[in-house]
Every structure is written in structure tokens, then in C-alpha cells.
Amino acid sequence: GTDPLLDAVATVAVTVDPSAGVASKAATMVAKKSVGRMVDKFLAGPSLQAAYENLRKHLAESGKRFLVTIDDLDRLQDEEIRTIMQMVKTVGRLPNVVYLLAYDRAIVWRALDTDWEHVGPKFAEKIVQQEIELPRPSKEALLSMLDAELGFLPGASPGALRWHYIVRDGVRRWVRHPRDALRLAN
């Protein structure tokens, strides 16, 4: 009364076992029962398509709106970027769900380009409906951000002349992005 595939796997396991099958037979019985239960549980559940349709229906009927934010997409490995973008493309049509992707366009498009096809911008255009390019913050804005982050230090008074020279002659060149200000403050 067991699955023929599981019996075949168990037979191979017993054949390879150097202990003449004593350990394998016991392990095989446990494995057969565990795998059998997992297979039964998987088959009893709804298919992926049925689960997707059920989710679609519940989201449409809920009347609630959801914002899914994926930040720092450009900091992932190329394969991970492709996986995330494919996932967003696949489930991106769910009702009442909006995705906000934050990334450096050049890095993500390069990751979407495969060795045999250059599809970066074309693939991204299928996913991204509205692209907004944020302006680079000015040096003064970044230094103000750094000052705000360092405000908890009692000795680093931004109004002090010494602090002014430290920022002008040293720190200023290291602060090009908001992450730099946070990193230096830490």
C-alpha cells in the first residue's frame, strides 16, 4: 500500500547501505511515512493557481490597499535582482496592491541584461509603470543631515570653529550620498 516511487528510493538506499540494511530499513520506514505525509499534505492543499485566484478574490473584496516597498534592490546580487523583478512581474497584478521599488537604474538594468540577451530596459519597462528619478541632494543638505545625526554628541557643536574646519577639510569629501552621512555618523 505504499507509493512505488518511495519503495524504489528505499530499495536504492538499502542497496547502498554498508550495514547490510539494518540501519537503512529502520530509516526507510520513518522516511516513507514522513515523505508520504508531506506528499499527502501537499496534494490536499490548493494548487498554486487556485491559491493565487483565492488571494486575488480576497484582496479585491477586502477594500484595503497595500503598499509593498522593496528598497535597496540595487544592493542585491544580479541573480537576486532578476528573481525579485520576476516575482514583482508575476504577482504585480494583484488588486489593491502597489509595489514601490527603490533602486539605482543603471545597476538593476545591468543585472537584468543576461549574457545572451540585452533586455534590461525592455524587461524593466514591462514591470515599472511609473519611474521617478530622485534628484541628488546638495552637499549642504547632506552636511545638514550629518549635523542632525551628530547632534547627540556634546563636544561636536556644529557652530564651533574647529568643527567647521573638520567638516571643510576632511568630512566634506566623504559625504556624497545620504548613506555616507549615516555611515559617518555611526
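**Nonpolar cores and the buried face of helix α9**

When neighbours within four places in sequence are left aside, Ile70 is in contact with Ile84, Met87, Val88, Leu100, Leu101 and Ala102. In this predicted model, Ile70 belongs to the largest nonpolar core, a set of 11 residues in which Ile70 is joined by Leu73, Ile81, Met85, Val88, Leu101, Val108, Ala111, Leu112, Ala124 and Ile127. Two or more residues of this core are contributed by each of the helices α4 (78–91), α5 (105–112) and α6 (120–127). Val88 and Leu101 thus appear both among the contacts of Ile70 and among the members of the core. A second core, separate from the one just described, comprises 10 residues, including Leu142, Val167, Val175 and Ala181.

As to the overall architecture, the secondary structure of the chain amounts to nine helices and two strands, and the order of these elements, read from the N terminus, is α-α-α-β-α-β-α-α-α-α-α. Of the 186 residues in the chain, 22% count as buried. Among contacts with a separation of 6 or more, 66% are accounted for by residues that lie 24 or more positions apart.

Helix α9, which spans residues 178–185, has Asp180, Ala181 and Ala185 as buried residues. Viewed down the axis of α9, these buried residues fall within an arc of 130°, and they therefore line one face of the helix. An α-helix has 3.6 residues a turn, so that residues three or four places apart point the same way. The cover over the buried residues of α9 includes helix α7 (139–149). Ala181, one of the buried residues of α9, is also among the members of the second core.

Asp180, likewise located in helix α9, has a relative accessibility of 12% and counts as buried because this value is under the 20% cut-off. The side chain of Asp180 reaches the backbone nitrogen of Arg176 at a distance of 2.9 Å. With neighbours within four places in sequence again left aside, the residues in contact with Asp180 are Trp174 and Val175, and Val175 is itself included in the second core.

With regard to aromatic rings, the structure holds zero aromatic pairs. A ring is nevertheless engaged by a charged group at Trp109, where the charged end of Arg105 sits over the ring, 5.6 Å from its centre.

Technical notes: Residues are numbered from 1 along each chain as its sequence is written. This is a predicted model: local features need pLDDT of at least 70, side-chain atom pairs count only at pLDDT 80 or more; totals for chains, interfaces and linings use all residues. Side-chain values use heavy atoms; hydrogens and water are left out. Rings of Phe, Tyr and Trp (its six-membered ring) pair if their centres lie within 6.5 Å; planes under 30 degrees apart count as stacked, over 60 as edge-to-face and the rest as tilted. A charge sits over a ring if NZ of Lys or CZ of Arg is within 6 Å of the ring centre and within 35 degrees of the ring normal. A nonpolar core is a set of buried Ala, Val, Leu, Ile, Met, Phe, Trp, Tyr and Cys residues joined through side-chain atoms within 4.5 Å. Buried means under 20% relative accessible area, exposed over 50%, partly exposed in between (1.4 Å probe, protein chains only). Helices (H or I, at least four residues) and strands (E, at least two) are DSSP runs, numbered from the N terminus. Contact means heavy atoms within 4.5 Å. The arc is that of the directions from the helix axis to the C-beta atoms. A polar contact is a pair of N or O atoms within 3.5 Å; within protein, one must be able to donate a hydrogen and the other to accept it, and residues adjacent in sequence count only if both atoms are side-chain atoms.
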